[in-house]
Amino acid sequence: MQSLQDPVTKLKGVGAKRAADLATLGIDTVADLLTYYPTRYNDLTPADIQAAKDKQKVTLVGKVVSEPLLTRFGYRRNRLSFRLQVGNNVVMVTFFNQPYLEKKLVIDKTVTVMGKWDARRQQVTANRLLDAAPQESNDFGAVYSVNKHVKQALLRSLIRQAYEEYRGVIPTLLPQTLRQRYRLLNRRTMIKELHFPTDAAQAKAARRTATYEEFFLFQLRLQAIRQAQRQQDGLQILYHNDEVKEFISHIGFELTNAQKRVVNEICADLRRPYQMNRLLQGDVGSGKTIVAAIAIYATITAGYQAALMAPTEILAAQHAEKLAKTFAGTHVHIGLLTGSLSAKQHRQLRDAIKRGDINLVIGTHALIQDDVEYANLGLAITDEQHRFGVNQRQRLREKGDNPDILAMTATPIPRTLAITAYGEMDVSIIDELPAGRKPIQTKWFKVDQQNEALHFLRDQLAAGAQAYVVSPLIEESEALDVQNATDLYQQLATYLAPDYQVGLLHGRMTGEEKDQVMHDFQDGKTQVLVSTTVIEVGVDNPNATVMIIYNADRFGLAQLHQLRGRVGRGDRQSYCLLLADPKTDDGKARMKTMVATNDGFKVAQRDLELRGSGDVLGRKQSGLPDFKVGDPVGDLKILQIARNDAEQLLKAPHWDTIDDNQPLVLYLQRHQLETHFD
Ligand code: ADP
Ligand code: MG
């Protein structure tokens, strides 16, 4: 039996080598291939060359009216030119380095070329040729995102083959009521029209269908989780109110009103007999840690354990240390569980957790590994939630006996999106910074103004400040990141010697080395900390008031805002210096946004506007899943509608016994805990 889950090797012409190449694009099965949608379409509507502007991208359909002339120059470089009659005009067409096209250019034949128009010379520098008029070739010009292992043409022909052979087994997922309500295409037509659209209108309908389907299925999964939780009994954490109040009175500062409000929301949830599942959102520096500490303390007064999960070892270690101070003299006993413990230490700690001797476990995702058993876990908290996916959220939830869940995030995605990306959670928001904070001043320097930035740094150090310096990010290679950080460290150490000490932090260091470096910086033994983005999340040293970011244009806005959030944590004036020569308009817009605002929600809004769904810079920072077709910003309306529909569907009594819903029942069984967006 044919199945969409068949491996791609079932297709003609796909052996082990090709399969491996396709796997680099995440394509393993026929289903993967069929849902590998084009990122865009070439507009094959023929251009009117009279009206075409200089340098405009044009598609021209015409007749070949001269023998193609192939000129070779140098090693492997060549030019292929011919005349094309378009209507009453004759234009010159040139291809570079595509000599094999020569044989397709037969005199009098109709061809389509795509390229850039040179109005002055009346010629086209072309990059693509169809040896027919577009409608005859039935190729609307789908363009896929490919890499060096897989070529456009190969992908296109494999997708066509897969479609032809498997079209009969493409299941319909959405119930008829929904398809009719929104006039959606059926799934087979949708897939066909996405890859080989009949015309622009059909392509649009297919995209609309796919967007709705994708959002709906995502929401269905989240809502199903939410519903299962609602039906599930949770723990009733009967904390001791007086002890909690007493603890709060010893914190050393007054909680902001926003902190008080969210503490109340969380505590009310703790007492309720069902499982809390709450997202705590608050901009960097808004004071989420102390809110977590209060919830932890309350849980422990009721005799339960608490767990706090952080995305990096550095942050976990910092939390352990700070909370040890916060909880000094109480009956909170902290254990730090990370990947860098020895096997023996790890075992001892696990035993203590199992016995309940440790009642606050802090760590990285080592916390949710199977071998960690809790005596009576009552509350599980994730810090910097956006770094974890739906699966990890779910895993933590399943630890112990349905503990209450608090997920904290600084990623200030707009509320409408938050409830959508975290559709299975309730949301609490800290929308206020502690009193007395001065807005961070952000300045943008061109790279050739580096010396100015460094003088500024020196002046600030002289005034007693500490500083972070973030080295350029090279996405492809951690080794290069480390090299960059090391180089920058050496330069700065030399430049600042002998007056100031510089530290270096990167991901390749051992846990112990990292601890040492962080301590030296926290204790003021080093004044400057050069680092890769490992310091990005959570690190808290209120005496650090200067942040310098090299090649700032390489970072997404959300990430820049997180990095900037490392300063401005005390009552002294803080500064963020961005060093960048952005090459793109988007890059410039990001720098300007950073200079213009400190407000995480504004930064996030701008970020989403700028990125749309196209740009992947900083994507994993947003906390949003990677949708294939839908754009959670541009298509927000559809997202909201889909969310409602999913909720309604699940609310209907016995929805899972209705025939028309069976494909969805199956879908949920298969996808409950397995996603492509983790
Ligand atoms: P984030 O929300 O980014 O995790 P933190 O919890 O690290 O922020 O808090 C940032 C800093 O602000 C910490 O040094 C913390 O002690 C301090 N802080 C938190 N709440 C208050 C408050 N209400 N008043 C004064 N300082 C506070
Ligand atoms: Mg934090």
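**View 1. The backbone of G285 meets ligand 1.** In this predicted model, look for an oxygen atom of ligand 1 and follow it to G285: a backbone N or O atom of this residue lies 2.6 Å away. Taken alone, ligand 1 exposes 570 Å², and the protein buries 83% of that.

**View 2. Side chains of K288 and R437 reach ligand 1.** Here the contacts come from side chains rather than from the backbone. K288 places a polar side-chain atom 2.7 Å from an oxygen atom of the ligand. In R437, a side-chain N or O atom is 2.6 Å from an oxygen atom of ligand 1.

**View 3. A shell of 17 residues surrounds ligand 1.** Which residues come nearest to the ligand? They are G285, K288, T289, R437 and R569. Sorted by class, the shell holds five nonpolar, six polar and six charged residues. The space that ligand 1 takes up is the second largest pocket.

**View 4. Two domains contribute to the shell around ligand 1.** Now step back a little to see where the surrounding residues come from. Domain 3 (241-430) and domain 4 (441-597) each supply at least three residues of the shell.

**View 5. The protein chain is assigned four stretches of domain, listed here by number.** Domain 1 covers 43-140, and domain 2 is made of two segments, 171-231 and 639-678. Domain 3 (241-430) and domain 4 (441-597) complete the assignment. How many Å separate the centres of domain 2 and domain 3? Taken over C-alpha atoms, these centres are 34 Å apart.

Key. Residues are numbered from 1 along each chain as its sequence is written. Chains are lettered from A and ligands numbered from 1 in the order in which they are written. This is a predicted model: local features need pLDDT of at least 70, side-chain atom pairs count only at pLDDT 80 or more; totals for chains, interfaces and linings use all residues. Side-chain values use heavy atoms; hydrogens and water are left out. A residue is near a molecule or strand if one of its heavy atoms lies within 4 Å of it. A polar contact is a pair of N or O atoms within 3.5 Å; within protein, one must be able to donate a hydrogen and the other to accept it, and residues adjacent in sequence count only if both atoms are side-chain atoms. Accessible areas come from the Shrake-Rupley method with a 1.4 Å probe; for residues, only the protein chains shown count as cover. On a 1 Å grid over the protein atoms alone, a cavity is a set of points where a 1.4 Å probe fits but cannot get out, and a pocket is an open set with protein on both sides within 12 Å along at least five of seven lines; lining residues have an atom within 4 Å of a point. A molecule sits in a cavity or pocket if more than half of its atoms lie within 2 Å of its grid points. Ala, Val, Leu, Ile, Met, Phe, Trp, Tyr, Cys and Pro count as nonpolar, Asp, Glu, Lys and Arg as charged, and the others, Gly among them, as polar. Domain bounds come from an automatic or database domain assignment.
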